[in-house]
Amino acid sequence: MKNAVGRAVAHRLFWPLVMLVVLLAINVVAVPGFLSITVNNEGHLFGSVIDILRNGAPTLMIAVGMTLVIATRGIDLSVGSLCAIAGAMACSIILGSPTPNAVGTVTVAVLVALALALVLGLWNGFLVSVLGIQPIIATLILMTAGRGIAMLITEGQILTVQSDPFKFLGSGFIVGIPVATIVAAVILALVALLTRRTALGLLIESVGINPEASRQAGVRARGLLFTVYALSAVLAAIAGLILTSNQTAADANNTGLFIELDAILAVVIGGTSLNGGRYSLTGTLVGALVIQTLVTTVYTVGIPPIATMVFKAAVVTAVCLLQSPTTAAAFARWRTRSASRAAAPRPGEAVVSR
Amino acid sequence: MTTMSVPASRLGRAWARTVDVFTSPKSGPVLVTAVLFLLMFTAGGVRYRGFFSAATILNLLVSYSYLIVLAVGMSFVIISGGIDLSVGAVLALSTIIAAKLLQLGWNPILVMVLILVATSTLGLLVGLMIHVFEVQPFIATLAAMFLARGLCYIIAKESISITDPVFAWMAKTRIVLGYRMSVTPSVIIALAVLAIAVWVLQYTRFGRTTYAIGGGEQSGMLMGLPTSRTKVLVYVVSGFCSGLAGILYSFYTLSGYALTGVGTELDAIAAVVIGGTLLTGGYGFVLGSALGVLVLGLIQTIITFEGTLSSWWTKIFIGALLLVFIILQKVLTSRRT
């Protein structure tokens with residue numbers, strides 16, 4: 001029994017899950033009907049939990065791409081700017097077309113935005129894999145210049161679009177479930193299948209653990225790096241389109257602002273090390289849910305929304321400190337000490353046994 | 001080589017030495033930045049009336065004295081192989097603490113001391129988190145960024161103006177250096193910080209240990225250098241510099257505002273990189289970082305002078321410049337190793 005508890009505590013998802021349960025519990029105490037899900041007359045699901053799943057979808061998508069990038073010992077800071085670029089591109093195409101409400105127009109706009117993101121993702125991959133620039137710096141370039149590019153596309157304006165098919169992407173429902181949630185779930189499932197049911201995930205991890213050894217073992221790191229950065233960029237673009245569609249406006253300065261930080265946090269809370277190597281998509285899912293639940297909790301408990309960032313800092317610090325090797329070592333020492341105390345013979349017996 | 005005629009060999013040696021200095025990963029990028037600065041300055045002078053003057057440079061110093069101080073702190077952290085994402089938020093926090101406490105009628109000197117102590121303490125906590133708990137600098141300083149930005153909103157959501165006479169004096173006083181040339185006291189403070197940083201990094205045990213940590217923490221430790229203490233202290237330095245930069249910024253704007261300096265951490269990092277500090281740590285000059293700030297400022301000035309270019313070109317130019325410098329560093333370091 002004690003052993004099972006010890007194993008559970010040692011599991012890398014233990015603390016994040018505890019955090020998630022605590023946050024949900026706080027919500028349930030504050031709002032008794034928090035976990036209830038209702039169906040409205042149009043057949044759409046409604047409730048706080050659905051809100052968490054829908055509003056957390058963009059962060060989750062980006063975090064999935066980020067997980068793979070981080071597994072290769074990289075990082076992608078440009079995802080927030082890519083959100084803005086994709087939103088700006090799609091909105092400017094929809095605004096420029098004579099038929100903004102046609103499904104065809106929106107399809108073209110979405111595809112062009114995704115293609116542009118793919119090109120920019122390949123650019124990141126080129127800088128990292130061919131030129132060998134540190135990922136944090138290579139993507140910093142696009143993070144800085146990207147907002148400028150987005151403003152170039154929107155010509156410094158906030159583009160507001162009136163297009164029902166485009167709006168569907170952010171606030172529509174399929175079989176009662178929000179479209180954004182479905183898209184995020186499909187992405188998570190596809191990436192999980194692709195990397196965990198094939199050797200791809202293993203190869204990505206090997207590049208992250210020891211690039212030189214994996215090169216000598218015949219792993220083509222270059223192609224893998226191109227793939228993960230391109231995937232990260234495309235997923236960021238999808239998230240950007242959903243965010244833009246939600247606001248029905250492309251704002252080059254504010255779409256996806258700080259989302260890279262939320263995504264990286266989700267990955268780190270999920271137990272994937274920033275030093276590369278082993279990654280956990282389940283962990284990333286838990287991490288993204290923790291972050292979104294945290295934001296929701298701030299609202300339900302009645303803390304002023306402006307204090308959200310302080311709470312985020314507190315949660316990040318708590319999770320990081322609990323997952324730290326120093327804490328783990330302290331825990332292990334404490335457990336062995338209490339175990340040895342339990343196993344140690346009583347003073348009197350000790351003398352006899354001698 | 002030794003048999004070559006004297007003038008040719010002397011010329012050859014001088015040329016070889018010049019090439020050597022320019023292609024060294026230590027001094028090369030800084031020199032390229034210096035040349036770039038002069039070229040931009042000359043090009044601007046040819047193109048616009050009234051650009052090629054000492055006043056342009058002095059104005060850059062007046063407008064960007066806070067960024068110089070930030071870049072100094074960031075240089076320490078980056079040379080040690082870390083990164084500090086919290087500087088922009090800590091800057092905003094110190095402007096808002098200053099504005100709020102002055103509004104409540106506190107003594108301005110006490111306020112400044114309090115800010116510097118508070119931001120240094122925050123830096124200390126970040127440093128301990130990084131060193132003792134082995135949290136990555138990226139994440140630890142990110143948490144500090146959220147904390148500082150969140151505290152800003154809690155203290156005051158709206159902009160608070162500063163009417164305190166001492167702060168107003170610091171904002172309005174001009175130290176005249178010559179005809180049409182003057183600077184604010186902030187410039188003097190920034191340059192003093194820069195001079196102290198140069199001295200600390202080049203001539204003290206702490207400075208050399210900072211380079212050693214960036215070059216290879218393990219080796220530094222085996223050599224008996226106080227790596228753990230230094231690794232924590234660089235974040236204290238960065239916290240102190242962010243607090244001081246915030247004070248200078250509140251002199252400049254005479255207000256405190258929670259949204260001040262969003263993205264300033266990127267400007268500081270860009271200035272340090274353009275100034276020739278390697279982001280992997282171990283190489284770099286703090287003077288280069290100050291030069292990097294001036295290059296960023298000059299880009300902004302040229303875009304203002306040009307008039308027809310929209311402001312978003314600044315971001316694209318800075319991005320392009322970052323790219324050029326990173327590739328340059330890459331080429332220079334790969335040739336050496």
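**Two helical chains in a predicted complex**

Chain B is built from 13 helices and four strands. The model in view is a predicted one, and the predictor assigns the complex an ipTM of 0.74 and a pTM of 0.82. Confidence within chain B averages a pLDDT of 85, and 95% of its residues score at least 70. Among the elements of chain B, helix H1 (residues 6-23) has the lowest mean pLDDT, 74, while H5(B) has the highest, 93.

The overall dimensions of chain B come next. Its C-alpha trace spans about 80 × 55 × 35 Å along the principal axes. A compact globule of 337 residues would have a radius of gyration near 20 Å, and chain B, with 21 Å, therefore agrees with that expectation. Of the 337 residues in chain B, 50% are buried. Contacts also link distant parts of the sequence: among contacts in chain B between residues at least 6 apart, 77% join residues at least 24 apart.

Helix H9 of chain B, residues 205-222, deserves a careful look. A straight helix with its 18 residues would reach 26 Å at 1.5 Å a residue, yet the end C-alpha atoms of H9(B) are only 16 Å apart. Where does the kink in H9(B) lie? The kink is centred on B:Gly216 and amounts to about 130°. Several residues of H9(B) are buried, namely B:Thr209, B:Thr210, B:Tyr211, B:Ala212, B:Ile213, B:Gly214 and B:Gly220. The cover over these buried residues includes helix H3 (54-79), helix H8 (185-203) and helix H10 (227-253) of chain B. After H9(B) comes B:Gly224, with a positive phi near 85°.

A positive phi also turns up at B:Glu134, where the value is about 55° although the residue is not a glycine. B:Glu134 sits in the loop between helix H5 (108-132) and H6 of chain B. Is this residue buried, partly exposed or exposed? B:Glu134 has 14 C-beta neighbours inside 10 Å, so it counts as partly exposed.

Turning to the partner, chain A contains 17 helices and six strands. Its C-alpha atoms fill a box of roughly 95 × 60 × 35 Å, again taken along the principal axes. Buried residues account for 48% of the 354 residues in chain A. As for contacts in chain A between residues at least 6 apart in sequence, 77% join residues at least 24 apart.

The average pLDDT of chain A is 86, and 95% of the residues score at least 70. Among its elements, helix H4 (residues 57-71) has the highest mean pLDDT, 95, and helix H17 (residues 347-353) the lowest, 46. Over residues 348-354 of chain A the pLDDT is below 50, and beyond near neighbours in sequence this stretch has two contacts in the model. Where pLDDT is low, the predicted coordinates should not be read in detail.

Two loop residues of chain A can be examined individually. A:Thr248 lies in the loop between helix H12 (221-247) and strand S6 (249-250). Its phi is near 45°, a positive value in a residue other than glycine. Because 16 other C-beta atoms lie within 10 Å of A:Thr248, this residue is partly exposed. A:Gly302, in turn, belongs to the loop between helix H14 (281-301) and helix H15 (308-323) of chain A. This glycine counts as exposed because it has 8 C-beta neighbours inside 10 Å. Which distances separate A:Gly302 from A:Ala30, in sequence and in space? The two residues are 272 residues apart in sequence, and their C-alpha atoms are 8.9 Å apart.

Finally, the two chains meet at an interface in which 35 residues of chain B are in contact with 33 residues of chain A. On the side of chain B that touches chain A, helix H6 (137-155), helix H11 (264-274) and helix H13 (312-336) of chain B each supply at least two residues. H13(B) gives the most to this side, with 12 residues. What classes of residue make up this side of chain B? There are 25 nonpolar, five polar and five charged residues.

Key. Residues numbered from 1 in each chain as written. Chains lettered and ligands numbered in written order. Predicted model: local features only at pLDDT ≥ 70, side-chain atom pairs only at ≥ 80, totals over all residues. Buried ≥ 20, exposed ≤ 12 C-beta atoms within 10 Å, placed from the backbone. Contact = placed C-beta atoms within 7 Å. Nonpolar A, V, L, I, M, F, W, Y, C, P; charged D, E, K, R; others polar. pLDDT = per-residue confidence, 0-100. Rg over C-alpha atoms; globule rule 2.2 N^0.38 Å. Expected span 1.5 Å × (residues − 1). Bend = angle between axes of the 7 residues up to and from the residue.
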